[in-house]
Structures are given as C-alpha cells and as structure tokens.
Amino acid sequence: MYDLTGFQRDLLYTIAGQDEPHGLALKTELEQYYEGEIHHGRLYPNLDTLVDKGLVEKGEADRRTNVYTLTARGRREIKARRDWEDQYVGELLSE
C-alpha cells in the first residue's frame, strides 16, 4: 500500500465500502469527498493500476459497465494500513 497515491488509497477504500461498485458510482462518491469533479482520465487509469497491482478485480456487469471488487490481497493491504495508522492515531481517536 506504501506505493499507492492518496487518491488510489481513497479509491481502494471506496471500493471496499460498496458492493461491487461501477466506475460512475465510485466517481460520485469521490466527488462528494473531494468536493469537486473527478475526471474519467483520472479515475479509470487509477482503477487500472489497482487491478494491475492485484488489489482489485474488474468484472463486467454488462457490455458497457465494469464492476470492481477487492481481492484478498486488497483486504490484507487495507488491514495492514489500518494497523499501521492505529500505531500513530489510535489513542487520539479513542479519546
């Protein structure tokens, strides 16, 4: 996970929080979070990177719509990242 950009991590977390989301659903969620437009030229290459790294699987809902799901590796990477973050902010957040 250390080699992902912040946007890629946010994208991975957004995929984890939905049931087989498609690209436009992810785009909508991220636009709400970032409070601005996410262009296709940013979204889809980053999704492809997550697929290439083995963190996400891309499937087809239909001929025009792809859906994305976490792989076992993706889930392990998120857990490892959360454990690492808890070392530094766990006590702060439990107050």
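## A walk through the predicted model

Of the 95 residues in the protein chain, 29% count as buried. Keep in mind as you look around that this is a predicted model.

**Stop 1: the whole chain.** Start with everything shown as a cartoon. You should find 4 helices and 2 strands, and from the N terminus on they follow the order α-α-α-β-β-α. The C-alpha atoms fill a box of roughly 45 × 30 × 25 Å along the principal axes. Now switch on the surface: the protein chain exposes about 6,500 Å², and carbon and sulfur atoms supply 46% of that area. If you colour by charge, look for 13 positive and 19 negative charges, whose mean positions are 5 Å apart. As for contacts with a separation of 6 or more, 47% of them come from residues 24 or more positions apart.

**Stop 2: the strands.** Select residues 56-60 for β1 and residues 66-70 for β2. In which sense do these strands pair? They are antiparallel, joined over 5 bridges. Together β1 and β2 form a hairpin, with 5 residues between them. To see one facing position, show Glu-60, which stands opposite Asn-66 in β2.

**Stop 3: helix α1 and its cover.** Next, select residues 6-16, which make up helix α1. Show side chains for its buried residues: Phe-7, Gln-8, Arg-9, Leu-11, Leu-12, Thr-14 and Ile-15. What covers them? The cover includes α2, α3 (40-52), β1, β2 and α4 (72-94), so try giving each of these elements its own colour.

**Stop 4: Gln-8.** Stay in helix α1 and centre the view on Gln-8. Is this residue buried or exposed? Gln-8 has a relative accessible area of 6%, and because anything under 20% counts as buried, it belongs in that class. Leaving out residues up to four places away in sequence, Gln-8 touches Asp-3, Asn-46, Thr-49 and Leu-50. Show those residues as sticks to see what surrounds the Gln-8 side chain.

**Stop 5: the aromatic rings.** Now for the rings, where the count comes to 3 aromatic pairs. One of them is formed by Phe-7 and Tyr-34, a tilted pair at 5.8 Å centre to centre with 45 degrees between the planes. This pair links distant parts of the chain: Phe-7 sits in helix α1 and Tyr-34 in helix α2 (residues 23-34), 27 residues apart. Why does the pair count as tilted? Its 45 degrees is neither under 30, as for stacked planes, nor over 60, as for edge-to-face ones, so tilted is the class that remains.

The two partners can also be viewed by exposure. Phe-7 is buried, with a relative accessible area of 5%, whereas Tyr-34 is partly exposed at 31%. Before you leave, add Tyr-33 to the selection: ring pairs link Phe-7, Tyr-33 and Tyr-34 into a cluster.

Key
Residues are numbered from 1 along each chain as its sequence is written. This is a predicted model: local features need pLDDT of at least 70, side-chain atom pairs count only at pLDDT 80 or more; totals for chains, interfaces and linings use all residues. Side-chain values use heavy atoms; hydrogens and water are left out. Buried means under 20% relative accessible area, exposed over 50%, partly exposed in between (1.4 Å probe, protein chains only). Contact means heavy atoms within 4.5 Å. Accessible areas come from the Shrake-Rupley method with a 1.4 Å probe; for residues, only the protein chains shown count as cover. Lys and Arg count as positive and Asp and Glu as negative; His and the chain ends are not counted. The place of a charge is taken as NZ of Lys, CZ of Arg, CG of Asp or CD of Glu. Two strands pair if DSSP finds at least two bridges between them. Rings of Phe, Tyr and Trp (its six-membered ring) pair if their centres lie within 6.5 Å; planes under 30 degrees apart count as stacked, over 60 as edge-to-face and the rest as tilted.
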